[in-house]
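Open the model in your viewer and keep the sequence panel visible. The tour begins with a single residue and then moves out to the whole chain.

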Amino acid sequence: MTEREYTDYASVRDALLDAQDRRGFLSYEQKLALQHAEWAASDQRCGIKTDSKVYKSLYNDLMGIEKLEQHPDICAKIAEMMPMSVEEVRSILASKRVPMDGGEIESIVDTVRKQIL
């Protein structure tokens, strides 16, 4: 099994803008991806701008949680979405059926809040 690398929308946006500067153009698909990445990295998506440094730090903190270390994709999703409530975290965890009690989920919300506030 190959190791996957997860990234945030701000990094995707920056990479596409760099490609556009180097080449002078983007393909149709790349333009659509850039538009989506610009929107997703902005504060219009969830009220908080995505920052690559915050994403990486939050991702690393989440990977340090025992029940999440086996699910790097969930850690990446939480780091990108930056959920501010227990319900939002539960909806992300439900996609992989990661069993966590209320205290553990509250700990995740606290970790997110410490990174972005």
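**Starting point: Q35**

Select Q35 in this predicted model. Q35 counts as exposed because its relative accessibility is 52%, and the cut-off for exposed is over 50%.

Next, extend the selection to residues 28–41. This is helix α2, and Q35 is found in it.

Now add S11 to the selection and draw a distance between the C-alpha atoms of S11 and Q35. The two residues are 24 positions apart along the chain, and their C-alpha atoms are separated by 13 Å.

**The whole chain**

Show the protein as a cartoon and colour it by secondary structure. Which elements appear, helices or strands? The protein has 7 helices and 0 strands. Followed along the sequence, the pattern reads α-α-α-α-α-α-α.

Turn on a bounding box along the principal axes. The C-alpha atoms fill a box of roughly 50 × 35 × 20 Å.

**Surface and interior**

Colour the residues by accessibility. The protein has 117 residues, and 34% of them count as buried. Then switch to a surface view: about 7,600 Å² is exposed, with carbon and sulfur atoms supplying 49% of that area.

**Contacts and charges**

Display the contacts between residues with a separation of 6 or more. Of these contacts, 53% are between residues 24 or more positions apart.

Last, select the charged side chains. How many positive and negative charges does the protein have? There are 16 positive and 21 negative charges, and the mean positions of the two groups are 4 Å apart.

Methods:
Residues numbered from 1 in each chain as written. Predicted model: local features only at pLDDT ≥ 70, side-chain atom pairs only at ≥ 80, totals over all residues. Heavy atoms only, no water. Helix = DSSP H or I, 4+ residues; strand = E, 2+ residues; numbered from the N terminus. Buried < 20%, exposed > 50% of the residue type's maximum accessible area, 1.4 Å probe, protein only. Contact = heavy atoms within 4.5 Å. Areas by Shrake-Rupley, 256 points an atom, 1.4 Å probe, with all protein chains shown as cover. Lys, Arg positive; Asp, Glu negative; His and termini not counted. Charge placed at Lys NZ, Arg CZ, Asp CG, Glu CD.
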